[in-house]
Amino acid sequence: MSLIERDLQVIWHPYTQMQTARPPVPIVRGEGALLFDEDGKAYIDAVSSWWVNIHGHAHPYIARKVAEQLQQLEHVIFAGFTHPAAIELAERLLALLPGNQAKVFYSDNGSTAVEVALKMCLQYWSNAGQPRTKMLALNNAYHGDTFGAMAVSGRSAFTAPFNAMLFEVEFIDLPDADNISSLKSQITNLKHDLACFIYEPLVQGSGGMLMYKAQYLDELLQHCRAEQVFTIADEVFTGFGRTGKRFATDWMSAQPDIMCFSKGLTGGTMALGVTTCTQHIYDAFLSDDRHKTLFHGHSFTANPVACAAALASMDLFLEPDTTQNIERIIRQHDQFRLKIQHHPKLKAVRQTGTILAMEWKTDSQTSYFSNLRDKLYEYFLAEGIILRPLGNVLYILPPYCITDAQLHYIYSKIEQALEIL
Ligand code: PMP
């Protein structure tokens, strides 16, 4: 039996329509920006395997560090115990973050990093004896697939079967020059009920690579601070270089109260989630009263192997080569964007750092389920490129090790698709 036949018998894949989905591509090996299927066909991973990979696949340095950790300590309960990799990672990560971030809470993926952040805010106010239960989020947001993360995400086809079960959230538009004053008044009016404001800084990934200016977000965050509304920067996607700085937050002067990380944290090697917070928030949980404890812990919290992968990825991330690669990708994207931005088949072309998005014109409503999406996906797969459009939004989000030749191959195939599809 082939790998695909075996797969189809036993696996329920995410994001597939069960009856009509194309069979999955059986990938057996990775190297740099390339993935290889069982017949040896190479695919350029132009979406960094769901945005997680930053240094390339099966990176030898990360592999060595992970192997070393596996021989030392594979896992230990993280309640009442600790280990060197978790401590070192927390120290080194905090040193890269805005100065107000003081404590690291580990979990095991992006959604759980968000759940922890939301719980920190809700329980802060509960511990303070002034419960606040409302949250503020952005329209079209995506913060994960677990219930809390879904609740603060925009309502969509993905949340529809669960909408009745999702807690109350105030959604606002992306801040811009026209609406910033009214958004600020809205926050002032709601402030006594608001536990927090959660946002994806600068780029709303799953919402369709929607991009917005740092300037107005910064102003909104300053206002939240003035009104004592906690802010949560969900950097699960934007963290670790994607927007051209280490973190999207680095484009602003306002420092969030809480930050969430996953994806690129381990270079895309293992699942790990991190929620960081200020000393002020942490202090609200420090008490002799057990009821003030944040009762949240996953079995694999701060898994040592995942922490070792994150430390190795951080070593690579801080190398000058990585910064140069990020700058190189941005320059290449800039040039390609200028070349295609007025193409008649494109409604919009937008770029933030290493993320380049092309919104295609469609007859139907902009939709995740547009037919164009499947056509584009199939076309690029056949050409040996993994580009997985969000509806009619095609985007390139490569690992930083991608070569210029690979980038130019992708650009040329996009130009070809613009002619023939
Ligand atoms: N937040 C953001 C901004 C994301 O883009 C994602 C995943 N795409 C998540 C949270 C959820 O992360 P995970 O898939 O690891 O649960």
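Me: Hi! What kinds of residues make up the shell around the ligand, by class?
Reply: Hello! By class, that shell has four nonpolar, five polar and three charged residues. Keep in mind that this is a predicted model.

Me: Thanks. Which residues are around the ligand, then?
Reply: Going along the chain, you meet W51, then N109, G110 and S111, then Y142, H143 and G144. After those come E200, D234, V236, F237 and K263.

Me: Where does a polar side-chain atom of D234 lie relative to the ligand?
Reply: It lies 2.7 Å from a nitrogen atom of the ligand. K263 also has a polar side-chain atom by a ligand nitrogen, at 3.0 Å. For N109, the partner is an oxygen atom of the ligand, and the distance is 3.3 Å.

Me: And how much of the ligand does the protein bury?
Reply: The protein buries 83% of the 390 Å² that the ligand exposes when taken alone.

Me: Nice. Switching to the whole protein: how many helices and strands does it have?
Reply: There are 13 helices and 16 strands. The radius of gyration is 22 Å, close to the 22 Å from the globule rule for 421 residues, so the protein is as compact as a globular protein of that length.

Me: What does the C-alpha trace span along its principal axes?
Reply: About 65 × 55 × 45 Å.

Me: How many of the residues count as buried, as a percentage?
Reply: Of the 421 residues, 53% count as buried. As for the outside, the accessible surface comes to about 19100 Å², and carbon and sulfur atoms account for 53% of that area.

Me: What share of the contacts is between residues 24 or more positions apart?
Reply: Such pairs make up 71% of the contacts with a separation of 6 or more.

Me: Now a few single residues. Where is L202, and is it buried or exposed?
Reply: L202 sits in the loop between β7 (194–199) and β8 (203–204). L202 counts as buried because its relative accessibility is 5%, and the cut-off for buried is under 20%. Its phi is near 70°, which is a positive value in a residue other than glycine.

Me: What about phi of N140?
Reply: N140 has a positive phi too, near 70°. You'll find N140 in the loop between β5 (134–138) and α6 (147–151). With 46% relative accessibility, N140 counts as partly exposed.

Me: Last one: where does D176 lie?
Reply: D176 is in the loop between β6 (169–172) and α7 (180–190). D176 is partly exposed, at 32% relative accessible area. Its C-alpha atom is 9.9 Å from that of E219, and the two residues are 43 residues apart along the chain.

Notes
Residues are numbered from 1 along each chain as its sequence is written. This is a predicted model: local features need pLDDT of at least 70, side-chain atom pairs count only at pLDDT 80 or more; totals for chains, interfaces and linings use all residues. Side-chain values use heavy atoms; hydrogens and water are left out. A residue is near a molecule or strand if one of its heavy atoms lies within 4 Å of it. A polar contact is a pair of N or O atoms within 3.5 Å; within protein, one must be able to donate a hydrogen and the other to accept it, and residues adjacent in sequence count only if both atoms are side-chain atoms. Accessible areas come from the Shrake-Rupley method with a 1.4 Å probe; for residues, only the protein chains shown count as cover. Ala, Val, Leu, Ile, Met, Phe, Trp, Tyr, Cys and Pro count as nonpolar, Asp, Glu, Lys and Arg as charged, and the others, Gly among them, as polar. Helices (H or I, at least four residues) and strands (E, at least two) are DSSP runs, numbered from the N terminus. The radius of gyration is taken over C-alpha atoms; the globule rule is 2.2 Å times the number of residues to the power 0.38. Buried means under 20% relative accessible area, exposed over 50%, partly exposed in between (1.4 Å probe, protein chains only). Contact means heavy atoms within 4.5 Å.
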